[in-house]
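Trainee: Could you take me through one part of this model in some detail? I'd like the packing between two helices first, and then whatever ties in around it.

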Amino acid sequence: MAALRLRISILVFCACLVIQCNCYGHSVLQKKHAALFIFGDSLYDPGNNNYINTTTDFQANWFPYGETFFKYPTGRFCDGRLIPDFLAQYAKLPIIPAYLQPGLNSYTNGVNFASGGAGALVESHQGLVIDLKTQISQFRMVEMQLRLKLGDAEAYTVLSKAVYIISIGGNDYLSPLASNFSNEEYVGLVIGNLTIWIKEIYKKGGRKFGFSTLPPLNEMPSLRVHKPGDTSPSAEEVIPLVKLHNKALGKLLLKLKRELQGFKYSTIDLHTYLKQFINRPSKYGFSEGTTACCGSGPYGAIYSCGGKRGVTKYQLCDNVTEYVFFDSFHPTEKVYRKLSKLWWRHNLKKLFEV
């Protein structure tokens, strides 16, 4: 009787481990959770730029960044969590770590390649950020490591059941490079590189993707005030670029759904939602939609939050939950939480059902 009880206990124990971790030293895929792989720019960067040789314009690893949730600066361009952090929580995953985080050697839950300042084009902040092409190279390295660790079949299962999300394009359209092309040509280059990313992930087994439209870049605090000597596109100049990009993104995804077998995607209309928060803050639980919580000058448009980017003096609001923007470019954790809930409930949740 005791021996039977022991055998049953072992069976139950191993059954639990098949779901959660390992059984007798053999690595087993977490059956109940799809992995989450994250690419893009500062809207998704969890701190990769902490570990590269760059300038403080492309980092956020000092106070008051991180003050709300983590209670210390993680490198996120926010007072707290970002959209990928909330999505991981909803998907019952741990917070997905930065690819460059020292000591990271497990990728079965996914990994985050995003880099603040990155664009779809290599030329956007070249040499100072991890551009999308390099992020693709990093993903290939992860794919190889998964194959070595799990074997080809199990690695393919992880990659094919995973969800891949990206935030990219904003830095391309805020770059002086945009003035060298017609709007249509330039958007074509950005969308072209995004297409390459999708097809590369698809080739490695990825089938489930999450995209966001570009936010209303012209309504960020930074673009509300023209700065002398600034060669970047003005608020008025980015409006048609953003409109063209969002339209082209929609067309691209419909085209790929027809062409790529098994291709599934979910999109959040970041542009519409954020515009609503900015223009009608009180309706959505905010009191300030146009001025940054942290920065200096009118609207907090000077990108000085934390005093590490050349301008040492800055103002910090008393209650960050009243603000749509945390710094001159980036929303608050409260905004990201609202957007994440909307996206998850809309249809992103379905992509995580394995």
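At what angle do the axes of helix 3 and helix 6 cross?

Mentor: Sure, with the ground rules first. This is a predicted model, where local features need pLDDT of at least 70, side-chain atom pairs count only at pLDDT 80 or more, and totals for chains, interfaces and linings use all residues. Residues are numbered from 1 along each chain as its sequence is written, and side-chain values use heavy atoms, with hydrogens and water left out.

Now your angle: the axes of helix 3 (residues 132–150) and helix 6 (residues 183–203) cross at roughly 5° and come within 10 Å. Axes here are lines fitted to C-alpha atoms, for helices over the stretch in contact, with angles running from 0 to 180 degrees between N-to-C directions. Helices (H or I, at least four residues) and strands (E, at least two) are DSSP runs, numbered from the N terminus. So helix 3 is roughly parallel to helix 6, a label for angles under 35 degrees (over 145 is roughly antiparallel, 65 to 115 roughly perpendicular, the rest oblique).

On the helix 3 side, the contact (heavy atoms within 4.5 Å) is made by Leu132, Ile136, Phe139 and Arg140, and on the helix 6 side by Asn193, Trp197, Glu200 and Ile201. Sorted by class, that contact has 5 nonpolar, 1 polar and 2 charged residues. The classes go like this: Ala, Val, Leu, Ile, Met, Phe, Trp, Tyr, Cys and Pro are nonpolar, Asp, Glu, Lys and Arg are charged, and the others, Gly among them, are polar.

Phe139 and Trp197 also turn up together in one aromatic cluster, whose members include Tyr99, Phe113 and Tyr164. Searching the whole structure gives 26 aromatic pairs. Rings of Phe, Tyr and Trp (its six-membered ring) pair if their centres lie within 6.5 Å; planes under 30 degrees apart are stacked, over 60 edge-to-face, and the rest tilted. Tyr99 and Phe113 have ring centres 5.2 Å apart and planes at 40°, so that pair is tilted. It links distant parts of the chain, 14 residues apart: Tyr99 is in the loop between helix 2 (83–90) and strand 4 (110–112), and Phe113 is in the loop between strand 4 and helix 3. Both Tyr99 and Phe113 are buried, meaning under 20% relative accessible area (exposed is over 50%, partly exposed in between; 1.4 Å probe, protein chains only).

Phe113 then leads back to helix 3. The rings of Phe113 and Phe139 have centres 6.3 Å apart and planes at 85°, so this pair is edge-to-face. Phe113 sits in the loop between strand 4 and helix 3 and Phe139 in helix 3, 26 residues apart. Phe139 is buried, as is Phe113.

That same loop, between strand 4 and helix 3, holds His125. His125 has a positive phi near 55° though it isn't a glycine, and with a relative accessible area of 28% it is partly exposed.

Last stop is Arg147, also in helix 3. At 26% relative accessibility, Arg147 counts as partly exposed. Setting aside neighbours within four places in sequence, Arg147 is in contact with Asp152 and Ala155. Its C-alpha atom is separated by 27 Å from that of Lys349, 202 residues apart along the chain.
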